Amino acid sequence: MMKKFILIVCGSFVGAFLAFMFFMIAAMVMSFAIMGSMGRMGNSKSTVNVTKHSILKLDLGNTISERGGSDAIDMFSLLRGEGMPSSLGLNTLVSAIDNAATNDKVDGIYIECNGVDASPATLQTVRRALKEFKKSGKWIAAYGYEGINQADYYLASVADSIFINPIGAVDLHGMASVTPYMKKLFDKIGVEMQIVRVGTFKSAVEPYMLDDMSDANRLQQEHYMGSIWKEMIDSIAADRKLQPAALNSLCDSVVVTFDAPKLIKLKLVDKIAYKEEMDNILRARTEVDKDDDLNFVSPDDLASSLEDPALGDHIAVLYAVGEIDGSASLGAAEEGIDSERLCGIIYDLMKDDNVKGMVLRVNSPGGSAFGSEQIWKALQDFKAAGKPIAVSMGDLAASGGYYISCGADRIFAERTTITGSIGIFGMIPSFSNLIENKLGVHMASVKTNENADMAAAGKKLTPSQLAALQNMINQGYELFTKRCADGRHVTQDSIKSIAEGRVWDGITAKQIGLVDEFGGVREAVAWVAKKLNMGKDYSVQNYPALEDKFMELLDKYMVTRYESRLQGEMGMMYEWHKQLQRIMGRDQVLCLMPIEDIKF
């Protein structure tokens, strides 16, 4: 028996040792892979030799993140020696398209439609850059190998010609929002969500307190999605020389089932081509011999470097992406906003004499009310130092995302940006019924004061405790609306008339005074430069600096693997599981937009 025990122990030790050694070897290999990749990639763009008759290739096969280089890392790819994945950052895409227009060695742009994953505002920024590129007189061609999804098509519709594989498909279907309501589920398991909120339209808590969508929430979703879809369908129709009504009618007829000849007849695409035929078309356009390779350049090759540590006077572009003091909510590649860290960066920029002004790039559904207030204060101190601030809103700048935006000197948004949601709520789960009646566990307590055990072990709140919390929420709403009123130079009552937690699209937000101008980072930077009288030769630096340390990569990889597995098991309920987990671990008072599963 002792011998068997020793063998088991030794076997366990050897197994653990081998696992440890494998991990260390993998870590070393990965470290070398990262260093090699970082040497090629770095914080500043390496010099790329762009030859004559080059083509800027936009491979729409990834999620478009806010910044190039911030994409999640596939560690197994690194271990195989494949290097860092090519980034598809919005800033990189726009910069590359701008530079391609003036680079004599770039003949045109080739859009390869591979199922891009991006929200309408991000797509609109790229589309606007493509429209500007066309003014150079150069060509744009788009190709769908297997098919062209709706997001791809929104960009491809700018092209001079859209080509498709003979058995390819085009998917146009409109927009929809799917929201699971879970009150019945909680009732069955004995969990009650105790909710305090201000705002008729503040619908982030609805799935936990109602069995179906409220009339107010349905109204606001119909409005902002209708406005966003109209903007997109009008743009597509104009570039494809179609009538919006006719295009909308097609969207109701399951376009994805149409064959290629019918797509040509309907003017959704222009020509049919197999992949090799498409390559030959590009060779003819760039005077490349049939047997030679095409001269493709990537967005990284053409994008201007904005990461020069030796930069002198410049405008800072500060990225605030994700939930405030929360985990990522805008895709696996995006980080949450650590309010303390962001405030520290703002104060460092304020004290830096080389930083003359700032563009705050906001892509956030909000989050912690406390964190939002701290960021607001840091930005006000930056302004008080005599440095102007413009905000550039991305896909989302809602609730806490609007809180940190409202004090800027100028607010820019895309016409398809989702913003507003000026409201506040708190949600505390009670497990009393589950514990006492479902599980049969009695929770006995001893306390010195009436509220000493408030919410302890998921205990149900008393009416007086709920009233106290509601009063706190009311005070938070008063502060939120005051910040917005002061920042927008209007009365608090006028802000309250458009607040109530209501979500707005960018077009309506401009009409009601929540936004000043349409545009992206580029337009916001130009506004700050003009305000500072910097002329046309101004420099820009992105903050915070991108850092990819080994342990951070390892941690991101493990989280990504876990979340991928969990998502596969939970399906459509995964996003709501994540939201509930965030709420359980967050501050009790939140400025957060509801996370609907918006299908685009």
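Student: What phi does N533 take, just after helix 20?

Tutor: N533 has a positive phi of about 55°. The model is predicted: local features need pLDDT of at least 70, side-chain atom pairs count only at pLDDT 80 or more, and totals for chains, interfaces and linings use all residues. Numbering starts from 1 along each chain as its sequence is written, and side-chain values use heavy atoms, with hydrogens and water left out.

Student: And which residues of helix 20 are buried?

Tutor: In helix 20, residues 521-531, they are A524, V525, V528 and A529. They sit on the same side of the helix, because they cover an arc of only 140° around its axis. The arc is taken over the directions from the helix axis to the C-beta atoms. Buried is under 20% relative accessible area, exposed is over 50%, and partly exposed is in between, with a 1.4 Å probe and protein chains only. Helices are DSSP runs of H or I with at least four residues, strands are E runs of at least two, and both are numbered from the N terminus.

Student: What covers the buried residues of helix 20?

Tutor: The cover includes strand 11 (314-321), strand 12 (355-364), strand 14, strand 15 (410-413) and strand 20 (540-543).

Student: Strand 14, then. What does S392 touch?

Tutor: S392 is in strand 14, residues 389-398. Not counting residues up to four places away in sequence, S392 touches V359, L360, R361, V362, F412, G520, V521 and A524. Contact is heavy atoms within 4.5 Å. S392 counts as buried, because its relative accessibility is 0%.

Student: Back to phi. Which residue other than glycine has a positive phi near 55°?

Tutor: E500 does. E500 lies in the loop between helix 18 and strand 18 (503-505), and is partly exposed at 28% relative accessible area. H489 is not a glycine, and its phi is positive too, about 60°.

Student: Where is H489 found, and is H489 exposed or buried?

Tutor: H489 is in the loop between helix 17 (463-488) and helix 18 (492-498). With 72% relative accessibility, H489 counts as exposed.

Student: Why flag these at all?

Tutor: Because most residues other than glycine have a negative phi, and most peptide bonds are trans.

Student: OK, peptide bonds. Which residues does a cis one join?

Tutor: Y543 and P544, with omega about -10°. P544 is in the loop between strand 20 and helix 21 (550-570).

Student: New topic. At what angle do the axes of helix 8 and helix 9 cross?

Tutor: Roughly 110°, and the axes of helix 8 (residues 215-240) and helix 9 (residues 244-251) come within 9 Å. The axes are lines fitted to C-alpha atoms, for helices over the stretch in contact, with angles from 0 to 180 degrees between N-to-C directions. The two helices are therefore roughly perpendicular. In this scheme under 35 degrees is roughly parallel, over 145 roughly antiparallel, 65 to 115 roughly perpendicular, and the rest oblique.

Student: Which residues meet there?

Tutor: From helix 8, W229, I233, D234, I236 and A237; from helix 9, P244, L247, N248 and C251.

Student: How many residues does helix 11 have?

Tutor: Helix 11 (275-286) has 12 residues and reaches 17 Å from first to last C-alpha, close to the 16 Å expected at 1.5 Å a residue. The expected span is 1.5 Å times one less than the number of residues. M278, D279, L282, R283 and T286 are its buried residues. They line one face, because they fall within an arc of 145° seen down the axis.

Student: What do they pack against?

Tutor: Strand 1 (54-60), strand 2 (106-113), strand 3 (139-144), strand 5 (161-164) and strand 10 (296-297). S161 is in strand 5 and is buried, at 14% relative accessible area. Beyond its neighbours within four places in sequence, S161 contacts I140, A141, A142, D270 and R285.

Student: How many helices and strands does the chain have?

Tutor: 22 helices and 22 strands. Of the 600 residues, 50% count as buried.
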